Amino acid sequence: MLSYALRRIAGVIPTLFIIITLSFFVIRIAPGGPFDDEQTLPPEIKANLEAAYGLDKPLLEQYGRYLAGLVQGDFGPSFKFKDFSVTELIAQGLPVSLMLGLSAVLLALLVGIPLGTLAALRQNSPTDYGIMSVAVLGIALPGFVTGPLFALVFGLHLRWFPVAGWEAGEFRYLVLPVVTLALPVIAYIARLTRGSLLEVLRTNHVRTARAKGLPERRVILKHALRPALLPVVSYLGPATAFVITGSLVVETVFGLPGSGRYLVQGAINRDYTLVMGMIVVYGSLTLTLNLIADLLYGWLDPRVRYD
Amino acid sequence: MSQSEAPIALDIDQLSVVFDTPDGSLSAVNDFSLAIRRGECVGVVGESGAGKSQSFLAVMGLLAANARVSGQARLGTEPLIDRDVAELNRFRGVKLSMIFQDPMTSLTPHMTVGEQIAESIIHHLGSSAEAARARALALLEQVQVTDAPRRLDQYPHELSGGMRQRVMIAIALACDPEVLIADEPTTALDVTIQAQILSLLATLKRERGMAMALITHDLGVVAGIADRVAVMYAGRVVELGTVHEVLKAPKHPYTAALLASMPRIDDSGTGPLPAIGGQPPNPRRLPAGCAFGPRCAKADALCRTDRPPLVGPGPGEGTRSVACHHPLQGTHHSREM
C-alpha cells in the first residue's frame, strides 16, 4: 500500500510536467501579450518592458527559465499586478479558495451520501422522488443562477446571512457561497449513491447478511454502503475540478478575495506567469484529490489493494 | 427409519410463490409442502426453474420484492411467512440458517472472514468480541479450513472457492441452528471439493442433529447424504420418498427420466446419454393438467385435463408420495423414458 502510494505520487510529477508544458506554449499562441493595452505603448518602452521580463528571449529559453524558477518554488513576477510576485498573489487568495472548495466538497459528501442512501432505501416512494427531483434541479441550475438567488432570498429578504463579503472566513460569510458551490455536487453524489446502493442491495453478499438475521440498519451500513461508495469516490476527482471552476463564479458573485479571479483576470490580461501559477496550483490540487480517491478505493474494497 | 419419530423441525405447508413481473404474474412455486424432522436430511431435486430455491428463499424471507407468498412455513411452532423482518431476524441466522450456492460472491468483500463469522455470534448470542472470535476460530477448524488462525484475518478474495464455501458453512453454523438450508452448496466447486463439502455437511448433520434441506439438481449428491428426497417439477413436488425407494424404483415418469439422463459408471459408454425431450413448461402459462404431460410418453387425455394430486402412500406401501395418474410400477428404473 505504501509503495503503491509512493509510486502514484511519483507518477504525478510527469503529469504535472505535461500540464505545465502544454499550458506554457498554449498561452503564448494566444494573440496579444501582457503589454498590449488599449493605449498602445511606444515601441521603445514596450521593448524595454519585454526585455526586463525576459520576454524578448527565444520561447524555448523562456520556458527553460520558467521551469528552473518553478523547481525552486518561484512562480515569477506578475506582469499586471506590479510589485507582487505570483507566489504572493496566490498566497493571498488560495487559502480563501481552498477553504471554500474543501468545505463545499465536504458538505457535499456529508449531505449527498445520506440523501442518496435514504432515497435508495425508500425506492419509488415520495421521499425518493422528492430527493431525486431536487437533485436534478441542483445539477441543472448553474452557480451564477443559484448564487444571486440565495443572496437575494437568504441575504436580502430573510437577512439570515450576509449578502457578500468574507471577513476573514467568518462562518456566517461562508454559508451561502459554500452551499451554492456544493449544491450541484450534493445532487450528483446523492444520485450516484442511490443508484450504486440499489445495485449493491441486490447482490449475493447482502442476501447472506440478511440471512444472518442482522438488523436492516447493520446490513446497509456495514455490508452494503461501503462497496456502494466506490463510484462516489471515483467522482471526487472530477468533483474537485468542478468546484475549482465553480469557485470562479461563486467568488465573483459573493465578492470573495479568493484566487479564482486571478485565473480569469490573468488569462484576459495575458499575465503569463499568473495564469501559469494558477494552473500549476489547481493542477496539483486535482491530481492530489485523484490520488486520495485512488487510495480510498483500496480502503473501500480490499480486492483493489495494490502492490 | 429412526427419524420418523423425531419432532418436526421445519414444516412447510402449501407454500406458493408468485412473482409480479411487467409481463404478468409468474408462478414459481405451487402448493409446496414438506416436513423435515430433526436429524433428517431431505434432498430437493429438480431442473433449474423448478422452484427449489424460491421455496426456501420464501421460508427465509429473502425473496425479491415483487414476490407474493401464500401458505405457511413453521420453524417448530413459529410461523415464518408474512412476518416482519425484525421478527424474522429472531430466527434467521440463529435457528434457521442458509448456505448459498455461489461462494465467490456470497461473502462481503470488505470484511475479514473472522468478522463475518463473529458478527452473528455477537449480534444473536451477545458474546464479547473476543469470545466470538474464539468461536469463529473453532468453527473454521470444525469445517476443516486449513490454517484457520490465519484465515480469521483474511478477506474472502484471498481464499479459494472451496475455502469460501467452508466459511459460508461456518457462518451458517455460527449460532448452532436447528434447521440448515443448503442451496446447491457444491455446484460452484470442483468434484473433489464437492465430495469433501458433502461429507462435512453429513457429519455436521449427524453430530448436531440438525434438520437439513439440501437443494440440488444432482441426484448423485442426494444419494450420498439425503435420507429422503423430494422431486420438484414446475413448482410442485411430484414425488417424495426415501432416497432408497425413489432412486431405486421411481414412480413418477419425470423422476425416472431424470435418473435415466444421469451418466452411470457401469455404462458401456457407447451412444448418447438419454435426455428428456421437450422443454420445462413456461411458468407464465402452466398446462391445465399434469405439468410434465407434454414431455411424458405415458400421458393420455386425463393427464392433459386433470392435474394429478400428490397422493400419499397407502397402508403397507412404504413412505412414497407421487403425483401421477399412471405411476410406474417397475422395481428398477429403465432407460426407456
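What radius of gyration does chain B have, and what would a compact globule with 337 residues have? Here are some notes on this predicted model, starting from that question.

1. **Overall dimensions of chain B.** The radius of gyration of chain B is 21 Å, which agrees with the value near 20 Å for a compact globule with 337 residues. Its C-alpha trace spans about 65 × 50 × 45 Å along the principal axes. Of the 337 residues in chain B, 45% are buried. If you take the contacts in chain B between residues at least 6 apart in sequence, 64% of them join residues at least 24 apart.

2. **The sheet.** Chain B has 11 helices and 11 strands. Seven strands of chain B make up an open sheet with mixed pairing, and their order is β6-β7-β8-β3-β9-β10-β11. The edge positions go to β6 (96-99) and β11 (321-322) of chain B; each has a single partner strand, so one side of each is left without a neighbour in the sheet. At the β11(B) edge, strand β10 (residues 236-242) of chain B runs antiparallel to β11(B), and two bridges join them. Here E239(B) stands opposite V322(B).

3. **Strand β3 of chain B.** This one is worth a look in your viewer. Five of the five residues of β3(B), residues 41-45, are buried, so the strand is largely enclosed by the rest of the structure. C41(B), G43(B) and V45(B) point one way, while V42(B) and V44(B) point the other way, and all are buried. β3(B) runs parallel to β8 (residues 211-216) of chain B, with five bridges between them, and parallel to β9 (residues 228-233) of chain B, with four bridges. V45(B) is a handy landmark: it stands opposite T216(B) in β8(B) and opposite V231(B) in β9(B).

4. **Helix α4 of chain B.** The 14 residues of α4(B), 129-142, should span 20 Å at 1.5 Å a residue, and the end C-alpha atoms are 20 Å apart, which agrees. Which residues of α4(B) are buried? They are A132(B), A136(B), L139(B) and L140(B). These residues cover an arc of only 100 degrees around the axis, which puts them on the same side of α4(B). An α-helix has 3.6 residues a turn, so residues three or four places apart point the same way. On the other side of α4(B), E130(B) and A138(B) are exposed. The cover over the buried residues of α4(B) includes α3 (113-125), α5 (148-151) and α6 (161-173) of chain B. After α4(B) comes Q144(B), with a positive phi near 60 degrees.

5. **A loop residue, E178(B).** You will find E178(B) in the loop between α6 and β7 (179-183) of chain B. Is E178(B) exposed, partly exposed or buried? E178(B) has 19 other C-beta atoms within 10 Å and is partly exposed, since 20 or more would make a residue buried. Leaving aside residues up to four places away in sequence, E178(B) touches A9(B), K95(B), M210(B) and A211(B). M168(B) is 10 residues from E178(B) in sequence and 17 Å away in space, C-alpha to C-alpha.

6. **Where the chains meet.** Between the chains, 20 residues of chain A are in contact with 24 residues of chain B. On the chain A side, α8 (204-211) and α9 (216-228) each supply at least two residues, and α8(A) gives the most, with seven. By class, that side of chain A has seven nonpolar, six polar and seven charged residues.

Notes: Residues numbered from 1 in each chain as written. Chains lettered and ligands numbered in written order. Predicted model: local features only at pLDDT ≥ 70, side-chain atom pairs only at ≥ 80, totals over all residues. Expected span 1.5 Å × (residues − 1). Buried ≥ 20, exposed ≤ 12 C-beta atoms within 10 Å, placed from the backbone. Arc of directions from axis to C-beta. Contact = placed C-beta atoms within 7 Å. Pairing = 2+ DSSP bridges. Rg over C-alpha atoms; globule rule 2.2 N^0.38 Å. Nonpolar A, V, L, I, M, F, W, Y, C, P; charged D, E, K, R; others polar.
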